[in-house]
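Here are some exercises to work through with the model open beside you. Try each task on your own before reading its solution.

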Amino acid sequence: MSKKRAASNRRRNRAPKFDFKGWYRHHWLCAKEAAIGLIKQPISSALTWLVIAIALLLPTLFYIGLQAINQQTQSWQDGGQITLYLNDSTTEQEGIALTSELSERPEIANVTYISKTQAWASFRSVLSLTSALELDGNPLPASIVIVPIEQTMVDLEGLILTLTDLPDVEDIQIDLAWIERLNNVLALIQSIVQLLSLILGVAVLLIVGNTIRLSIESRKAEIQIIKLLGATDAYVRRPFLYLGFWYGLSGGLAAWLLLTLISTNFQGQLETFLGSYGLTAPAIWLTVNEFGILLLSSILVSLLGARIALWRHLKDTDPQ
Amino acid sequence: MIHFDQVSKRYEGGFEALSSLSLNIDKGEFVFLTGHSGAGKSTLLKLITAIERPSSGQLRVDGIQLKSMNRRDIAFYRRKLGIVHQDHQLLMNHSVFDNVAQPLVVAGEHPNDIKRRVHAALDKVGLLSKEKFKPIQLSGGEQQRVGIARAVVKKPDLILADEPTGNLDPALSRDIMSLFAQFNDIGTTVLIASHDLGLIARLNYRVLSLKQGRLITAPFGSGGTHE
């Protein structure tokens, strides 16, 4: 019965054929009027843009910093190594044989054999010894330096056990802990940056949502009137969604502008500072792609904020 | 055109604004709705405009079952109506022209058509010279006429008016009524809620009288019962 009635309703109350030109015209009109509305209230609009821009700028700066740290530490990653000190009784041939045997293992990237003579030469050159220190023979052991592929202790547990058990090995020195700590710190920083970005993204959502909510409240009477004149929900929502779109776009652009300001003022200083530690400073800048992502996410988050505000505040214009 | 079948409307708290109301208004009819305030006139109009839904009973307008409409259906249904509100319901920060144009803009009409039709409607209510004014700059009677122009600009199938002559002087009231009559002549159904018994009496149309949510008389073609 009710199904039949619904069908008959649809037949009698059919929506007019979709009028693309009218639809396009209204989009254009809404976009234009929303933009004009924002420009007509420059101070309150600019304040909103600035708030959005700051909320976007912080994660952007974190991102640039994190990129720089990752790049810097990439070159340190290979520094992790394991040194095997061989027994004094092991001959050079045995040492070289062991080295080539180890190089076959898949988890090892690079193996170098350092003979007693080489170790002594290196020791002397580092300490600039001439003949002040005369010893009976060479006290230094031969050693094998291993650079493993995996750089964390957990991954290397098996390898280290095998190496310790080798009969020729007197002592083993594992120089990996600092890399592991570095990686842990980096992972922690990355998580914090992601969390902060999420929080600040929600902040943008709330800022735009609240601004749109105020706009809806101030135009509630108007909304009720045009709904009585036959406006669909989509029609009612459109101006507010465009308002959200403009907030997102201009907020994103303002964030980029702030970044430019920071870059022109601090890039030189940063280079001097990091240069004194022998480090290269990152460019406080975004690539075209990154800039696109910044704008797009700003717009999407703002649209979402507007949509949520509309969803919450258009319900009470329904028939009771 | 309008069919009420045992329609009741109860509000929260138990107040019953309409009690098992049944009535029939044919296509092309001109009907007055009278009754004291609180008799249910406004509720009846709110049900027809789908601002409120009936608590029970069947209500069909132009063959459409109003109870089972969704939000989108309601929007398209309302485009067939021309509604004149007692409190005008104008967009206060838009010009007279924009106010009258609104039903056409909502329906996505072409700007050139809109301009022509809005001018025709404003001409009919005698406000063509004030199209650029804001409603706040107009008198109560002029605002009412803007509301009327907006209701008729789309040549609706059904005109609903709640006290359309409430703020107008007698001469203007007659003009407005004859405007509604002109639309009625070309087949538009007209339903007017009014207190103005003198005016109703002068015009020989059907009168529906409501009292405490019930219909007390519905004679056809009589001059009304309150003379």
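**Exercise 1. The contact between the chains**

Task: find how many residues of chain A are in contact with chain B, and which elements of chain A give two or more residues to that side.

Solution: In this predicted model, 24 residues of chain A are in contact with 29 residues of chain B. Next, sort the chain A side by element: α1 (2-12), α2 (20-40), α8 (220-228) and α9 (233-275) of chain A each give two or more residues. The largest share, 5 residues, comes from α1(A). Finally, sort by residue class, which gives 10 nonpolar, 8 polar and 6 charged residues on this side of chain A.

**Exercise 2. The layout of chain A**

Task: describe the order of the elements in chain A, and state what separates the centres of its domain 1 and domain 2.

Solution: Begin with the count, which is 10 helices and 4 strands. Reading from the N terminus, the elements run α-α-α-β-α-β-α-β-α-β-α-α-α-α. The domain assignment then gives domain 1 as 23-74 + 182-317 and domain 2 as 81-175. Taken over C-alpha atoms, the centres of domain 1 and domain 2 of chain A are separated by 56 Å. For burial, take the 320 residues of chain A: 22% count as buried. As for contacts in chain A with a separation of 6 or more, 85% come from residues 24 or more positions apart.

**Exercise 3. A strand with two neighbours**

Task: decide whether the residues on the two faces of β7(B) are buried or exposed, and find which strands pair with β7(B).

Solution: Start with burial. Strand β7 (residues 158-162) of chain B has 5 of its 5 residues buried. Now split them by face. In a regular strand, side chains alternate between the two faces of the sheet. Here B:Leu158, B:Leu160 and B:Asp162 lie on one side, with B:Ile159 and B:Ala161 on the other, and both faces are covered. Then look sideways: β6 (residues 81-84) of chain B pairs with β7(B) in the parallel sense over 4 bridges, and B:Ile83 has B:Leu160 as its bridge partner. Strand β8 (residues 189-193) of chain B also pairs with β7(B) in the parallel sense, over 5 bridges; here B:Asp162 is partnered by B:Ala193.

**Exercise 4. A helix across a sheet**

Task: explain why α1(B) counts as largely enclosed, and find which strands α1(B) lies across.

Solution: Helix α1 (residues 41-48) of chain B is largely enclosed by the rest of the structure because 6 of its 8 residues are buried. These are B:Lys41, B:Thr43, B:Leu44, B:Leu45, B:Leu47 and B:Ile48. Just after the helix, B:Ala50 takes a positive phi of about 60 degrees. The helix α1(B) lies across β1, β2 and β4 of chain B, at about 115 degrees to β1(B). Those strands belong to an open sheet of 4 strands with antiparallel pairing, in the order β2-β1-β4-β5. Its edge strands are β2 (16-25) and β5 (64-65) of chain B. Within the sheet, β1 (residues 2-10) and β4 (residues 56-61) of chain B pair over 5 bridges, B:Ser8 being partnered by B:Ser56.

**Exercise 5. The cores**

Task: find which residues touch the most other members of the largest nonpolar core.

Solution: Among its 76 residues, the answer is B:Val31, B:Leu33, B:Val100, B:Ala149 and B:Leu160. Helix α3 (residues 96-106) of chain B gives the largest share, 7 residues. Apart from this core lies another of 28 residues, including A:Ile212 and A:Phe245.

Note on methods: Residues numbered from 1 in each chain as written. Chains lettered and ligands numbered in written order. Predicted model: local features only at pLDDT ≥ 70, side-chain atom pairs only at ≥ 80, totals over all residues. Domains from an automatic or database assignment. Buried ≥ 20, exposed ≤ 12 C-beta atoms within 10 Å, placed from the backbone. Pairing = 2+ DSSP bridges. Contact = placed C-beta atoms within 7 Å. Nonpolar A, V, L, I, M, F, W, Y, C, P; charged D, E, K, R; others polar. Core = buried A, V, L, I, M, F, W, Y, C linked by C-beta atoms within 7 Å. Axes fitted to C-alpha atoms, helices over the stretch in contact; angles between N-to-C directions.
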